[in-house]
Amino acid sequence: MTQDIFSISNFDPNKVTETFRDFAEKGATQSREAYAKMKAAAEEAGKTIEATVESAQSGTVELSLKAIDALRTNAETSLSHMEALIACKSLSEVFELQTAFIRKQAELAMEQTRGMQETTRKVAENLVKPTKDAAEKALSSIPRA
């Protein structure tokens, strides 16, 4: 006579309990591992955000100082030009002085623009760097198939 595997007489509650315990332990271990990974990722993201904010603050200060320097230079140049205009003795001297001033201001504006562009480029690179580094680190930790 063959035994029915679904019969009550074959049921062993100890095996069910042991199987359930193993299943619960594996689930708890996987949950702890997942939590540890999420916690590490959140801490890393927090560090990245902090570095980005610090970079943005220092970049803003640098750009502001550059703009203030340009304003100061332009104000001093304009005042010096006004003083020179007041001292002019003839209309031709005024035209000559004004032409030279406009040329000098155009050159100065180009120089200041290049300086601001370079500073803005550096600030942008510094602003993106923490995020780029974090992304590269995250990508390098992913196992390749």
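A residue is taken as buried when its relative accessible area is under 20%. In this predicted model, T48 has a relative accessible area of 13% and is therefore buried. T48 is placed in helix α1, which covers residues 13-86. Apart from neighbours within four places in sequence, the contacts of T48 are with P130, T131 and A134. A134 also appears in the lining of the largest pocket, described below.

The protein as a whole contains 2 helices and 0 strands. Helix α1 spans residues 13-86, and helix α2 spans residues 91-141. Of the 145 residues in the protein, 10% are buried, and T48 is one of the buried residues. Among contacts with a separation of 6 or more, 73% are between residues 24 or more positions apart. The exposed area of the protein is about 12,200 Å², of which carbon and sulfur atoms supply 63%.

A nonpolar patch on the surface is made by V61, L65 and I68, with an area of about 270 Å². I68 belongs to helix α1. The relative accessibility of I68 is 42%, a value that lies between the limits of 20% and 50%, so I68 counts as partly exposed.

Charged side chains were examined next. Side chains of opposite charge can pair when their charged atoms come close. Over the whole structure, 4 salt bridges are found. One of them joins R121 to E118, with the closest N and O atoms 2.4 Å apart. Both residues lie in helix α2, where R121 and E118 are 3 residues apart, about one turn of the helix. A second pairing involving R121 is with E125, for which the closest N and O atoms are 2.5 Å apart. E125 and R121 are separated by about one helical turn, because they are 4 residues apart in helix α2. Through these pairings, E118, R121 and E125 are linked in a network of salt bridges.

The members of this network are not buried. R121 has a relative accessible area of 38% and is therefore partly exposed. E118, at 38% relative accessibility, likewise counts as partly exposed. For E125 the relative accessibility is 45%, which means that E125 is also classed as partly exposed.

A further salt bridge is formed by the side chains of D133 and K129, with an N to O distance of 2.7 Å. D133 and K129 are 4 residues apart in helix α2, so about one helical turn separates them. D133 is partly exposed because its relative accessible area is 34%. K129 has a relative accessible area of 45% and is therefore partly exposed as well.

Empty space around the protein atoms was also assessed. Rolling a probe the size of a water molecule over the atoms shows where empty space is left. The largest pocket has a volume of about 180 Å³. Its lining consists of K37, A40, A41, E44, A134, K137, A138 and S141. Helices α1 and α2 each supply at least two residues of this lining. A134, one of the lining residues, is in contact with the buried T48 of helix α1.

Terms used
Residues numbered from 1 in each chain as written. Predicted model: local features only at pLDDT ≥ 70, side-chain atom pairs only at ≥ 80, totals over all residues. Heavy atoms only, no water. Buried < 20%, exposed > 50% of the residue type's maximum accessible area, 1.4 Å probe, protein only. Contact = heavy atoms within 4.5 Å. Patch = residues over 30% accessible without salt bridge, like charges linked within 9 Å, V, L, I, M, F, W, Y side chains within 5 Å. Areas by Shrake-Rupley, 256 points an atom, 1.4 Å probe, with all protein chains shown as cover. 1 Å grid on protein atoms, 1.4 Å probe; cavity = no way out; pocket = protein on both sides within 12 Å on 5 of 7 lines; lining within 4 Å. Points joined across faces, edges and corners; volume = space filled by probe spheres on them.
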